[in-house]
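Thanks, everyone. I have one model to walk through today, so please pull up the viewer.

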Amino acid sequence: MGWMDDGEKNALLTFLEAQRASVLAIIDGLDTEALTTPVLPSGWTPLGLVEHLGHAERHWFQEIATGSAEPLPWPDDHTPLIMSRPPSVVFEFYRTQCERSNAILASMPLSTPPRGRHPDPLGEEITDLRRIVLHMIEETARHAGHLDIARELIDGKTGLGPR
(Lines give C-alpha, C1' and ligand atoms only; values in the text may rest on other atoms or scores of the structure.)
Protein backbone atom coordinates (compact mmCIF):
# COMPACT_ATOMS: atom_id res chain seq x y z
CA MET A 1 0.00 0.00 0.00
CA GLY A 2 2.85 2.40 0.80
CA TRP A 3 4.21 2.42 -2.74
CA MET A 4 0.70 3.04 -4.12
CA ASP A 5 0.24 5.96 -1.74
CA ASP A 6 3.60 7.38 -2.88
CA GLY A 7 2.62 7.05 -6.53
CA GLU A 8 -0.71 8.75 -5.92
CA LYS A 9 0.94 11.46 -3.82
CA ASN A 10 3.46 12.12 -6.57
CA ALA A 11 0.69 12.38 -9.16
CA LEU A 12 -1.36 14.75 -7.00
CA LEU A 13 1.66 16.87 -6.14
CA THR A 14 2.67 17.06 -9.82
CA PHE A 15 -0.73 18.51 -10.70
CA LEU A 16 -0.79 20.87 -7.71
CA GLU A 17 2.75 22.11 -8.45
CA ALA A 18 1.79 22.72 -12.11
CA GLN A 19 -1.13 24.90 -11.03
CA ARG A 20 1.03 26.80 -8.54
CA ALA A 21 3.62 27.38 -11.25
CA SER A 22 0.87 28.62 -13.58
CA VAL A 23 -0.28 31.19 -11.03
CA LEU A 24 3.22 32.65 -10.79
CA ALA A 25 3.95 32.42 -14.53
CA ILE A 26 0.72 34.18 -15.50
CA ILE A 27 1.59 37.28 -13.48
CA ASP A 28 5.34 37.18 -14.07
CA GLY A 29 6.62 40.48 -15.42
CA LEU A 30 3.79 42.63 -14.07
CA ASP A 31 4.90 45.70 -12.16
CA THR A 32 3.55 46.68 -8.74
CA GLU A 33 0.89 48.93 -10.25
CA ALA A 34 -0.47 46.15 -12.46
CA LEU A 35 -0.33 43.65 -9.60
CA THR A 36 -2.28 45.92 -7.27
CA THR A 37 -4.87 47.39 -9.64
CA PRO A 38 -8.27 45.73 -9.93
CA VAL A 39 -9.35 45.00 -13.50
CA LEU A 40 -12.75 43.49 -12.75
CA PRO A 41 -15.76 45.12 -11.04
CA SER A 42 -15.44 42.85 -7.99
CA GLY A 43 -12.25 44.72 -7.08
CA TRP A 44 -9.81 41.87 -6.50
CA THR A 45 -6.22 42.40 -7.56
CA PRO A 46 -3.77 39.88 -9.03
CA LEU A 47 -1.52 40.26 -5.97
CA GLY A 48 -4.52 39.93 -3.64
CA LEU A 49 -5.39 36.66 -5.34
CA VAL A 50 -1.86 35.32 -4.76
CA GLU A 51 -2.11 36.24 -1.08
CA HIS A 52 -5.52 34.54 -0.96
CA LEU A 53 -3.95 31.37 -2.37
CA GLY A 54 -1.24 31.54 0.31
CA HIS A 55 -3.96 31.76 2.96
CA ALA A 56 -5.76 28.82 1.30
CA GLU A 57 -2.59 26.68 1.41
CA ARG A 58 -2.12 27.61 5.09
CA HIS A 59 -5.76 26.96 5.93
CA TRP A 60 -6.14 23.59 4.22
CA PHE A 61 -2.79 21.97 4.88
CA GLN A 62 -2.05 23.45 8.29
CA GLU A 63 -5.32 24.40 10.04
CA ILE A 64 -7.40 21.60 8.55
CA ALA A 65 -4.95 18.73 7.87
CA THR A 66 -2.81 19.12 11.01
CA GLY A 67 -5.16 21.12 13.25
CA SER A 68 -2.76 24.05 13.77
CA ALA A 69 -1.00 26.68 11.67
CA GLU A 70 2.29 28.51 11.79
CA PRO A 71 1.71 32.11 12.89
CA LEU A 72 1.07 34.59 10.11
CA PRO A 73 3.99 36.91 9.32
CA TRP A 74 1.67 39.89 9.92
CA PRO A 75 -1.50 40.60 11.90
CA ASP A 76 -4.49 38.60 10.67
CA ASP A 77 -5.88 41.70 8.98
CA HIS A 78 -6.01 40.71 5.34
CA THR A 79 -8.89 41.82 3.20
CA PRO A 80 -9.70 38.82 1.04
CA LEU A 81 -8.40 39.24 -2.52
CA ILE A 82 -7.34 42.87 -1.97
CA MET A 83 -4.29 43.93 -0.01
CA SER A 84 -1.47 46.45 0.09
CA ARG A 85 1.58 44.40 1.07
CA PRO A 86 4.56 44.65 -1.29
CA PRO A 87 4.78 42.01 -4.03
CA SER A 88 8.01 40.54 -2.61
CA VAL A 89 6.29 39.94 0.75
CA VAL A 90 3.25 38.30 -0.85
CA PHE A 91 5.29 36.08 -3.17
CA GLU A 92 7.51 34.95 -0.27
CA PHE A 93 4.39 34.22 1.81
CA TYR A 94 2.89 32.15 -1.01
CA ARG A 95 6.11 30.19 -1.60
CA THR A 96 6.54 29.55 2.13
CA GLN A 97 2.98 28.28 2.52
CA CYS A 98 3.40 25.98 -0.50
CA GLU A 99 6.64 24.59 0.98
CA ARG A 100 4.87 23.93 4.30
CA SER A 101 2.01 22.27 2.44
CA ASN A 102 4.46 20.01 0.60
CA ALA A 103 6.17 19.05 3.86
CA ILE A 104 2.83 18.13 5.42
CA LEU A 105 1.86 16.13 2.35
CA ALA A 106 5.18 14.26 2.49
CA SER A 107 4.77 13.45 6.18
CA MET A 108 1.26 11.97 6.22
CA PRO A 109 -0.55 9.18 4.36
CA LEU A 110 -3.26 10.40 1.98
CA SER A 111 -5.81 8.51 4.08
CA THR A 112 -5.07 10.63 7.17
CA PRO A 113 -8.29 12.22 8.47
CA PRO A 114 -8.14 15.98 9.02
CA ARG A 115 -7.52 17.18 12.57
CA GLY A 116 -9.26 20.49 11.91
CA ARG A 117 -12.68 21.15 10.43
CA HIS A 118 -13.75 23.47 7.62
CA PRO A 119 -17.38 24.68 7.72
CA ASP A 120 -19.97 22.67 5.78
CA PRO A 121 -20.93 21.98 3.10
CA LEU A 122 -17.30 21.67 1.92
CA GLY A 123 -16.15 20.54 5.36
CA GLU A 124 -18.21 17.35 5.19
CA GLU A 125 -16.54 16.43 1.87
CA ILE A 126 -13.02 16.72 3.32
CA THR A 127 -12.54 13.30 4.88
CA ASP A 128 -8.80 12.84 4.40
CA LEU A 129 -5.58 14.44 3.18
CA ARG A 130 -6.27 13.19 -0.35
CA ARG A 131 -9.36 15.39 -0.56
CA ILE A 132 -7.45 18.36 0.81
CA VAL A 133 -4.92 18.02 -2.01
CA LEU A 134 -7.68 17.61 -4.57
CA HIS A 135 -9.42 20.71 -3.24
CA MET A 136 -6.20 22.73 -3.47
CA ILE A 137 -5.66 21.59 -7.07
CA GLU A 138 -9.21 22.76 -7.82
CA GLU A 139 -8.81 26.05 -5.91
CA THR A 140 -5.45 26.89 -7.47
CA ALA A 141 -6.58 26.01 -11.01
CA ARG A 142 -9.74 28.08 -10.62
CA HIS A 143 -7.78 31.13 -9.56
CA ALA A 144 -5.12 30.57 -12.23
CA GLY A 145 -8.00 30.90 -14.71
CA HIS A 146 -9.06 34.14 -13.07
CA LEU A 147 -5.49 35.41 -13.36
CA ASP A 148 -5.44 34.41 -17.06
CA ILE A 149 -8.40 36.71 -17.64
CA ALA A 150 -6.92 39.53 -15.55
CA ARG A 151 -3.60 39.33 -17.40
CA GLU A 152 -5.33 39.52 -20.77
CA LEU A 153 -7.23 42.60 -19.61
CA ILE A 154 -4.04 44.19 -18.24
CA ASP A 155 -1.74 43.83 -21.25
CA GLY A 156 -3.31 41.44 -23.76
CA LYS A 157 -0.95 38.53 -22.99
CA THR A 158 -2.46 35.06 -23.12
CA GLY A 159 -1.28 31.46 -22.97
CA LEU A 160 1.13 32.07 -20.08
CA GLY A 161 2.15 29.27 -17.76
CA PRO A 162 3.70 25.82 -18.12
CA ARG A 163 0.59 24.06 -19.47
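Start with Q97. Q97 sits in helix α4. This is a predicted model, so keep that in mind throughout. Is Q97 buried or exposed? Its relative accessibility is 2%, and under 20% counts as buried, so Q97 is buried. What does Q97 touch, beyond its neighbours within four places in sequence? The contacts are G54, E57, R58 and Q62.

Now the helix around that residue. α4 has 21 residues. From first C-alpha to last, α4 reaches 30 Å. The expected figure at 1.5 Å a residue is 30 Å, and the model is close to that. Q97 has company among the buried residues of α4. They include P87, V90, F91, F93 and Y94. Further along, T96, C98, S101, I104 and L105 are buried too. Here is the general point to hold while you look at that list. An α-helix has 3.6 residues a turn, so residues three or four places apart point the same way.

Next, the cores. The largest nonpolar core has 19 residues. Which of them touch the most other members? They are V23, I27, L35, L47, V50, F91 and L147. Five elements give two or more residues to this core: α1 (2–27), α2 (32–35), α3 (46–66), α4 (87–107) and α6 (129–155). Take V23 as a sample. Setting aside neighbours within four places in sequence, V23 is in contact with V50, L53, T140, A144 and L147. There is also a second, separate core, with 17 residues. W60, A65, I104 and I126 are among them.

On to helix packing. Pick α3 and α6. Their axes come within 10 Å and cross at roughly 180°. An angle over 145 degrees counts as roughly antiparallel, so α3 and α6 are roughly antiparallel to each other. Who makes the contact? From α3, the residues are P46, L49, H52, L53, A56, E57, W60, F61, I64 and A65. From α6, the list starts with L129, I132, V133, H135, M136 and E139. T140, H143, H146, L147 and I154 of α6 are also in it. By type, the residues of this contact divide into 14 nonpolar, five polar and two charged.

Stay on α6. The helix has 27 residues, which should span 39 Å at 1.5 Å a residue. The end C-alpha atoms are 38 Å apart, which agrees. Just after α6, G156 takes a positive phi of about 80°.

Inside α6, look at I137. I137 has a relative accessible area of 16%, so it counts as buried. Leaving aside neighbours within four places in sequence, I137 is in contact with L12, F15, L16 and Q19. How far is I137 from L47, C-alpha to C-alpha? The separation is 19 Å, for two residues 90 apart along the chain.

Now the loop between α4 and α5. T112 lies there. T112 is buried, at 14% relative accessible area. Not counting residues up to four places away in sequence, T112 touches T127, D128 and L129. The C-alpha atoms of T112 and T127 are separated by 8.3 Å, with their places 15 residues apart along the chain. P121 is in that loop as well. Check the peptide bond that joins D120 and P121: it is cis, with omega about 10°.

Two partly exposed residues to finish. First, E125, in helix α5 (residues 122–125). Its relative accessible area is 44%, so E125 is partly exposed. E125 and L72 are 27 Å apart in space, C-alpha to C-alpha, and 53 residues apart in sequence.

Then D31, in the loop between α1 and α2. D31 is partly exposed, at 47% relative accessible area. From D31 to E70 the C-alpha atoms are separated by 30 Å. Along the chain, those two are 39 residues apart.

That's the tour. Happy to rotate the view for anyone.

Conventions. Residues are numbered from 1 along each chain as its sequence is written. This is a predicted model: local features need pLDDT of at least 70, side-chain atom pairs count only at pLDDT 80 or more; totals for chains, interfaces and linings use all residues. Side-chain values use heavy atoms; hydrogens and water are left out. A nonpolar core is a set of buried Ala, Val, Leu, Ile, Met, Phe, Trp, Tyr and Cys residues joined through side-chain atoms within 4.5 Å. Buried means under 20% relative accessible area, exposed over 50%, partly exposed in between (1.4 Å probe, protein chains only). Helices (H or I, at least four residues) and strands (E, at least two) are DSSP runs, numbered from the N terminus. Contact means heavy atoms within 4.5 Å. The expected span of a helix is 1.5 Å times one less than its number of residues. Axes are lines fitted to C-alpha atoms, for helices over the stretch in contact, and angles run from 0 to 180 degrees between N-to-C directions. Angles under 35 degrees count as roughly parallel, over 145 as roughly antiparallel, 65 to 115 as roughly perpendicular and the rest as oblique. Ala, Val, Leu, Ile, Met, Phe, Trp, Tyr, Cys and Pro count as nonpolar, Asp, Glu, Lys and Arg as charged, and the others, Gly among them, as polar.
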